[in-house]
Amino acid sequence: MSVYSRDLEAYKVTITGRTSSAYYVGGLYGYARRVYTSYVVDSTITFNNSAAYGLGGIVGYMGSYYYIKSTGVTDSTLGNGLGKEIGGLSGRHSSGEIYNSYVQDCIISGNSMVGGIDGTLRGGWSLRNHV
């Protein structure tokens, strides 16, 4: 489990959640609490079935009261029309903040709950300064 991370980059990687119960798949983390100045570039992150959930360019699931700061996802494919809770930065974000972050030139697709920044935002949260 990631408690704190910064200055990471995934470049030209392919990540696929393959089981029928796949959940929380991300370009850097499946689950995280705090992510700073980290990037996913020219990558493909997908599910292998429609029952899967929680796919994000940076993190599949962001825990309660935590945040993503100054991160970005560029030139990537997130999802392949399967699964739900698919977002450019986070698939599912319980509460907390995402700020000074961006998603650029990406293809994002799924069955339901699909968003450019987050697939699902739950509880108390804040989005600030996004491109």
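Select glutamate 85 and arginine 92 to begin, since both of these residues are buried, a term that here stands for a relative accessible area under 20%, with exposed meaning over 50% and partly exposed the range in between (1.4 Å probe, protein chains only). Their side chains meet in a salt bridge with an N to O distance of 3.1 Å, the criterion being a side-chain nitrogen of Lys or Arg within 4 Å of a carboxyl oxygen of Asp or Glu. Before going further, note that this is a predicted model, in which local features need pLDDT of at least 70 and side-chain atom pairs count only at pLDDT 80 or more, whereas totals for chains, interfaces and linings use all residues. Residues are numbered from 1 along each chain as its sequence is written, and side-chain values use heavy atoms, with hydrogens and water left out.

**Other salt bridges**

By the rule above, the count of salt bridges comes to three. For another of them, select aspartate 42 and lysine 12, whose closest N and O atoms are 3.8 Å apart. Aspartate 42 lies in the loop between strand S6 (39-41) and S7, and lysine 12 in the loop between strand S2 (9-11) and strand S3 (14-17), so the pair ties together parts that are 30 residues apart in sequence; strands here are DSSP runs of E with at least two residues, numbered from the N terminus. Aspartate 42 is partly exposed, at a relative accessible area of 34%, while lysine 12 counts as exposed at 53%.

Move next to arginine 6, which forms a salt bridge with aspartate 7 (3.5 Å, N to O). Arginine 6 is partly exposed, with a relative accessible area of 42%, and aspartate 7 is exposed, with 54%. Keep arginine 6 selected and add tyrosine 36: the charged end of the arginine sits over the tyrosine ring, 5.6 Å from its centre, where the test asks for NZ of Lys or CZ of Arg within 6 Å of the ring centre and within 35 degrees of the ring normal.

**The tyrosines**

Now select Tyr23, Tyr24, Tyr31, Tyr53 and Tyr61, which form one aromatic cluster. Rings of Phe, Tyr and Trp (its six-membered ring) pair if their centres lie within 6.5 Å, and planes under 30 degrees apart count as stacked, over 60 as edge-to-face and the rest as tilted. By this rule the count comes to eight aromatic pairs. Tyrosine 24 and tyrosine 61 have ring centres 4.8 Å apart and planes at 25 degrees, so this pair is stacked. The pair links distant parts of the chain, with tyrosine 24 in strand S4 (residues 23-26) and tyrosine 61 in strand S9 (residues 59-69), 37 residues apart.

Tyrosine 61 also pairs with tyrosine 31 in a tilted arrangement, 5.4 Å centre to centre with 35 degrees between the planes. Tyrosine 31 belongs to strand S5 (residues 29-36), 30 residues from tyrosine 61. Is each of these two rings buried or partly exposed? Tyrosine 61 is buried at 17% relative accessible area, whereas tyrosine 31 is partly exposed at 27%.

**Strands and core**

From S4, select strand S8 (residues 53-56), which pairs with S4 in the parallel sense over three bridges; pairing requires that DSSP finds at least two bridges between the strands. Valine 25 stands opposite leucine 55 in S8. On strand S12 (residues 84-87), which runs parallel to S8 and is joined to S8 by three bridges, glycine 87 is the bridge partner of glycine 56.

Finish with the largest nonpolar core, which has 22 residues, those with the most contacts inside it being Phe47, Ile58, Val59 and Leu89; such a core is a set of buried Ala, Val, Leu, Ile, Met, Phe, Trp, Tyr and Cys residues joined through side-chain atoms within 4.5 Å. S5, strand S7 (44-47) and S9 each supply at least two residues of this core.

Conventions: Helices (H or I, at least four residues) and strands (E, at least two) are DSSP runs, numbered from the N terminus.
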